[in-house]
Amino acid sequence: MHILEFTGDSLRFLDELPAEVPADGFVWAYLDRSELPRHQVALQAAAQRLGGSGLLDLHWLDLASEQHPSNYDSTSVYDVVVFRRLATQTEVQQDAEREAAIVAYHNQGFSSRARKSDAIPPAFARINSRAVGFAIFDRLLISLHPPGCAIPNTYVQRFAADARLSIDAISARSRLPASPADLALRMINTMVDSYLDLRKDLTTYLEQMQAELIKLDSQFADWGALMEARRQLHLLEDMCEGQRDAIQEWLDSLREQPLASFSPDAMVAQTRRDQLMARARDVGEHIDRVMHHARRLEQSAETVVQIHFSVQGHRTNDIMRTLTAVTAIFLPLNLVTGFFGMNFEHLPLIHSPGAMWAIFSVMAALALAVILVFMRKRYIARTER
């Protein structure tokens, strides 16, 4: 567990949770989810001491759950936010290795599970998400992260650099978070921005697949990957809806909170609430952008699949039209040859030396006439490719 104390224009690392909160600041304790059983008693005591109330058992369960969806809940003393972030490339690699190890250990169902794992396009594998939990008090923030999460360390380094390089106290204070809610929103905003960064990879992959699908001579066979990509987009859209609902509930709670809960000074309190609401709205807008982009990609994939089958149907119609035209051309010729091929003794022209050339000329004229009629009616046309 790591503990930081933000005081005015500075921050410092603590070895243990303090006995009381700073006069003008707050305390942030962050830890991996796997460390919670060892530190839960100390955190509960700190929440009672620094925040004014211990966390409910239900909220501890929400924070400890790896599978909990994005959610917001509150009491009269603190807020609880669970927000799902994208898996990193390292986490995706670890999941793949873990699944391969499980399959190898059990030595059953290998082919089906391997096909499922291989079917997920690399760009879509990161949609597998992780839950990050926040318990937000007026002067205390407790955050639980997946093992190896880089977000808290990134912010610690950033804040330390801001505080060290600031020329004066005012500029440092403007960069450091003003409250636990402000810090939590900044981290959530970073999680949402990772979704925005993923858009380019998703769009590039689907554009390549779409280009392959709409080719006239396409022999596209990677339908499993396409269906898995659509399923992952469904998951992304559902995930974003949960995130948006959680942020919207938090935003509504901020509107309803009295100004005195932000600061004793009315002007400072109004400024802090406005800043928090603006940041929460910004996060909500980013989530909406990701969700709308996921919907557009999904609709685009569905549209291209429909175009693919329309192109294939058009090709089939062209082939059938060609076969029909060939059949129609040879039908009268078959009639003539069938008539003169009958085994009767008395057939017209069968003993005439020039009859064969006469009948051949008639058959050629019939074929040419049928071809001209079909070309005139555009049943047969030259296509430029």
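I'll start with a cysteine. C149 counts as buried, because its relative accessibility is 7%, and the cut-off for buried is under 20%. C240 is buried as well, at 1% relative accessibility. How many disulfides does the structure hold? Zero. Keep in mind throughout that this is a predicted model.

Now the overall picture. The protein has 11 helices and seven strands. Of its 385 residues, 42% are buried. Taking the contacts with a separation of 6 or more, 71% are between residues 24 or more positions apart.

On to the strands, beginning at the N terminus. β1 covers residues 2-7 and β2 covers residues 10-14; the two pair in the antiparallel sense, over five bridges. Within that pairing, L4 has F13 of β2 as its bridge partner. Two residues sit between the strands of this hairpin, and G8 has a positive phi there, near 60°.

β1 also pairs with β3, again in the antiparallel sense, this time over six bridges. Look at F6 here: it stands opposite F26 in β3. As for burial, seven of the eight residues of β3 are buried, so I would call that strand mostly covered, given the cut-off of under 20% relative accessible area.

From β3 we move to β7. β3, residues 25-32, and β7 run parallel and are joined by six bridges. Two positions to look at on screen: A29 has I142 of β7 as its bridge partner, and D32 stands opposite H145 in β7.

β7 has another partner in β6, residues 129-136. That pairing is antiparallel, over four bridges. I142 turns up here too, as the bridge partner of A135. The link from β6 to β7 is a hairpin of three residues.

Is β7 itself mostly covered or mostly open? Mostly covered: the strand spans residues 140-145, and six of its six residues are buried. L140, I142 and L144 point one way from the strand, while L141, S143 and H145 point the other way, and all are buried. Note that S143 and H145 are on that list of buried residues.

Next, the cores. As a general point, nonpolar side chains in soluble globular proteins tend to be buried together. In this model the largest nonpolar core has 64 residues, and the members touching the most other members are F6, W28, F124, F134, M187, I188 and W250. Which helix gives the most to this core? Helix α8, residues 180-213, with 16 residues. For a closer look, take I188. Leaving out residues up to four places away in sequence, I188 touches V81, F83, F134, I247, W250 and V283. There is also a second, separate core of 21 residues, which includes L17, V27, L43 and A135.

Last, the C-terminal part. L349 lies in the loop between α10, residues 266-340, and α11, residues 355-376. Is L349 buried, exposed or something in between? Partly exposed, because its relative accessibility is 47%, short of the over 50% needed for exposed. L349 touches A355 and I359, again not counting residues up to four places away in sequence. I359 is 10 residues from L349 along the chain, and their C-alpha atoms are separated by 9.1 Å.

α11 has 22 residues. From first C-alpha to last it reaches 31 Å, close to the 32 Å expected at 1.5 Å a residue. Its buried residues are A355, I359, M363, A367, V370 and F374. Those residues cover an arc of only 105° around the axis, so they lie on the same side of α11. The general background is that an α-helix has 3.6 residues a turn, so residues three or four places apart point the same way. What do the buried residues of α11 pack against? They pack against α10. On the other side of α11, W357, L372 and R376 are exposed. After the helix comes R378, with a positive phi near 65°.

To recap α11: A355 and I359 are among its buried residues, and both are touched by L349, which is in the loop before that helix. That's what I have.

How values were computed: Residues numbered from 1 in each chain as written. Predicted model: local features only at pLDDT ≥ 70, side-chain atom pairs only at ≥ 80, totals over all residues. Heavy atoms only, no water. Core = buried A, V, L, I, M, F, W, Y, C linked by side-chain atoms within 4.5 Å. Buried < 20%, exposed > 50% of the residue type's maximum accessible area, 1.4 Å probe, protein only. Contact = heavy atoms within 4.5 Å. Disulfide = S-S within 2.5 Å. Pairing = 2+ DSSP bridges. Expected span 1.5 Å × (residues − 1). Arc of directions from axis to C-beta.
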